[in-house]
Amino acid sequence: MHEASLVEGILKIAFEVAADNHAEKISAIGLKIGEMAGVELEALQFSFDFLKKNTIAENAALKIKRVPIIARCNKCGKIFNVAQYNFFCPECDGILILQSGRELLIEFVDCE
């Protein structure tokens, strides 16, 4: 389960943010996760709930914003939501170039 190692990294960064801001508690961590990021959200939440115990993030919420798969056609330039991993333009059969959907970002860390 690579989600546990992801959570370890996320918490490490959150603890650094808290220390830099002289915070005693982390109340929330916001993530942006693309649909193609290869992250199992239930496993991520399970790992977060386990690894935050007995830390300054013990009562923190994990707030996840899903980022859809969006691509632009390299031929006609139109932008589409990608369905079923089909990366061919439905308008002209050009190849779609990924614009979003692979993100895995910490968007915010709420500290007190």
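What follows is a chat about reading the fold, the sheet and one glutamine of this predicted model.

Reader: Let's start simple. Which secondary structure elements does the chain have?

Author: Count the helices and strands, then look at their order. Here the chain comes to two helices and six strands. Walking from the N terminus, you meet them as α-β-α-β-β-β-β-β.

Reader: And the overall shape? What radius of gyration does the chain have, set against a compact globule?

Author: The trick is to hold the value up against what a compact globule of equal length would give. For 112 residues that would be near 13 Å, but this chain has 18 Å. The box around its C-alpha atoms fits that picture, at roughly 55 × 30 × 15 Å along the principal axes.

Reader: How many of the residues count as buried?

Author: Burial goes by relative accessible area, and the cut-off for buried is under 20%. By that yardstick, 31% of the 112 residues are buried. The chain exposes about 7000 Å², with carbon and sulfur atoms supplying 51% of that area. As for contacts with a separation of 6 or more, 66% of them join residues 24 or more positions apart.

Reader: Now the sheet. In what order do the three strands of the open sheet lie?

Author: Read the order across the sheet rather than along the sequence. You get 4-3-5, an open sheet with antiparallel pairing. Strand 4 (79-81) and strand 5 (96-100) each have a single partner strand, so one side of each is left without a neighbour in the sheet. From one strand to the next, the twist averages 35 degrees.

Reader: How many bridges link strand 3 and strand 5?

Author: Four, and strand 3 covers residues 70-73. To get your bearings in the viewer, find Cys-73, which stands opposite Leu-96 in strand 5.

Reader: I've got my eye on Gln-99. Is Gln-99 buried or exposed?

Author: In between. Exposed takes over 50% and buried under 20%, so Gln-99, at 44% relative accessibility, counts as partly exposed. You'll find Gln-99 in strand 5.

Reader: Which residues is Gln-99 in contact with, leaving aside its neighbours within four places in sequence?

Author: Those are Ile-70, Ala-71 and Arg-72. That ties in with the sheet, where strand 3 (residues 70-73) pairs with strand 5.

Reader: What does the side chain of Gln-99 reach?

Author: For a polar side chain, look for nitrogen or oxygen partners. The side chain of Gln-99 reaches the backbone oxygen of Ile-97 at 3.3 Å. Gly-30 is another story: 69 residues away along the chain, its C-alpha atom is separated from that of Gln-99 by 21 Å.

Note on methods:
Residues numbered from 1 in each chain as written. Predicted model: local features only at pLDDT ≥ 70, side-chain atom pairs only at ≥ 80, totals over all residues. Heavy atoms only, no water. Pairing = 2+ DSSP bridges. Axes fitted to C-alpha atoms, helices over the stretch in contact; angles between N-to-C directions. Rg over C-alpha atoms; globule rule 2.2 N^0.38 Å. Buried < 20%, exposed > 50% of the residue type's maximum accessible area, 1.4 Å probe, protein only. Contact = heavy atoms within 4.5 Å. Areas by Shrake-Rupley, 256 points an atom, 1.4 Å probe, with all protein chains shown as cover. Polar contact = N/O pair within 3.5 Å; in protein donor to acceptor, adjacent residues only side chain to side chain.
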